[in-house]
Amino acid sequence: MNSTATDRFDTSRFEASRNRLASLAYRLLGSAADAEDAVQDAFLHWQAADRQRIKVPEAWLTKVVTNLCLDRLRSAQARRERTVGAWLPEPLLDGDPMLGPADTFEQRESVSLAVLTLMERLSPLERAVYLLREAFSYSHAEIAEILDITESGSQQHLHRARRRITAARRRDGEVDPASARRIVEEFLAAASSGRTERLVALLTDDATAISDGAGLTETLLQYDTPQRIAAVAQAGFKPTPAKRRLLGGTPAIHYALVNGAPAILFVLGDQVVGAVAFDITNGKIATVRGIAAPTRLARLNEAWRQHEPDTPLITQW
């Protein structure tokens, strides 16, 4: 095989792993853009390596991508960007390859906005061990090799990560899709019509809401009582001429699944200009996340333009 044919063969071997590597990087970083950068950097490492000496390309590439992501998480720039109150995971439309693998409940949960947010409480090493074990089913021996730690160290990191995430998350299993859609539609109807009591009744007693303020504020806007969330939702979902001018027109509102969770999307033409995602537990809304910063919606928009949407919940908002 000549060098050109060898390069093509080796490139095809990398491309066969690209989606898996991207899904690992996305889980580690919570950002599709950063995940794509990490995978591209891994490709450059792959090209520069003596590939004939790499016995198991999948394992080698997993190690490279994981460590590139850990370097990113540990960097001073990342620590500034991911300070508490300033960071949200980037939402992805269901069906995006970055959300795979999704065969088990643990795999699907590991890419939820809730768990991606909770993983910010872990150290980079705990985060890597947790994901390699829970989402990708690597053994502790394999994780030890990937991260250059001992097997017992891997087990200890996993134990701490599981304990921290379990203590903080609200876990009610997977929500029935029809029930989730009904609850979200009721929330939209109550918010749009100004029915405060109905809005409060749809929320858990300890519900929280988080918004990025369309990227116009450096810190996230957070609300932590059902009454305050209801007031903010009513104000936010009430259409006004000023809001339409800001958006550049009159959007439609669509129901969608984002990172496996129910969401509503504000869509103007073929552009998603805002997303509101919901965590539902015990038949009520536990968390509302409002995301409208264009940088956080870039990949979701790419997927939406290739998506065949259902009939909008509201045709003209």
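**Exercise 1. In which sense do E3 and strand E4 pair, and over how many bridges?**

Solution. Before starting, note that this is a predicted model, in which local features need pLDDT of at least 70 and side-chain atom pairs count only at pLDDT 80 or more, while totals for chains, interfaces and linings use all residues. Residues are numbered from 1 along each chain as its sequence is written, and side-chain values use heavy atoms, with hydrogens and water left out.

Step 1. Helices (H or I, at least four residues) and strands (E, at least two) are DSSP runs numbered from the N terminus, and two strands pair if DSSP finds at least two bridges between them.

Step 2. E3 and strand E4 (residues 261-268) pair in the antiparallel sense, over seven bridges. Within this part of the model, Ile-253 stands opposite Phe-266 in E4.

**Exercise 2. Place the strands in their sheet, and find which of them stand at the edges.**

Solution. Step 1. Strands of a sheet pair through backbone hydrogen bonds, either parallel or antiparallel.

Step 2. Here six strands form an open sheet with mixed pairing, and their order is E2-E1-E6-E5-E4-E3.

Step 3. Strand E2 (221-223) and strand E3 (252-258) each have a single partner strand and stand at the edges, so one side of each is left without a neighbour in the sheet. From one strand to the next, the twist averages 20 degrees.

Step 4. Helix H12 (residues 226-237) lies across strand E1 (203-211), E2, E4 and strand E5 (271-281), and runs at about 45 degrees to E1. Such angles run from 0 to 180 degrees between N-to-C directions, with axes as lines fitted to C-alpha atoms, for helices over the stretch in contact; contact itself means heavy atoms within 4.5 Å.

**Exercise 3. Describe the largest nonpolar core and say which helix gives the most to it.**

Solution. Step 1. A nonpolar core is a set of buried Ala, Val, Leu, Ile, Met, Phe, Trp, Tyr and Cys residues joined through side-chain atoms within 4.5 Å, where buried means under 20% relative accessible area, exposed over 50%, and partly exposed in between (1.4 Å probe, protein chains only).

Step 2. The largest such core has 47 residues, and Phe-14, Tyr-26, Met-119 and Leu-147 are those with the most contacts inside it. Among the elements that give two or more residues to this core are helix H1 (3-29), helix H2 (32-48) and helix H3 (57-74), and H1 gives the most, with eight residues.

Step 3. Leaving aside neighbours within four places in sequence, Phe-14 is in contact with Leu-21, Val-39, Ala-42, Phe-43, Trp-46 and Leu-61. Apart from this core lies another, of 27 residues, which includes Ile-229, Phe-237, Tyr-255 and Ile-280.

**Exercise 4. Compare the surroundings of two salt bridges, Lys-63 with Asp-148 and Asp-212 with Arg-296.**

Solution. Step 1. A salt bridge is a side-chain nitrogen of Lys or Arg within 4 Å of a carboxyl oxygen of Asp or Glu, and a search of the whole structure finds 18 of them.

Step 2. In the bridge between Lys-63 and Asp-148, the closest N and O atoms are 3.1 Å apart. This pair links distant parts of the chain, with Lys-63 in helix H3 and Asp-148 in the loop between H8 and H9, 85 residues apart. Lys-63 is partly exposed at 24% relative accessible area, whereas Asp-148 counts as exposed at 59%.

Step 3. The side chains of Asp-212 and Arg-296 meet at 3.2 Å, N to O. Asp-212 is buried, with a relative accessible area of 2%, and Arg-296 counts as buried at 18%.

**Exercise 5. Why is the pair of Phe-187 and Phe-278 called edge-to-face?**

Solution. Step 1. Rings of Phe, Tyr and Trp (its six-membered ring) pair if their centres lie within 6.5 Å; planes under 30 degrees apart count as stacked, over 60 as edge-to-face, and the rest as tilted. The structure holds six aromatic pairs.

Step 2. The rings of Phe-187 and Phe-278 have centres 5.1 Å apart and planes at 70 degrees, so the pair is edge-to-face. Phe-187 lies in helix H10 and Phe-278 in strand E5, 91 residues apart, and both residues are buried.

Step 3. Phe-266 and Trp-317 also form an edge-to-face pair, at 5.3 Å centre to centre with 85 degrees between the planes. Ring pairs link Phe-187, Phe-237, Phe-266, Phe-278 and Trp-317 into a cluster.
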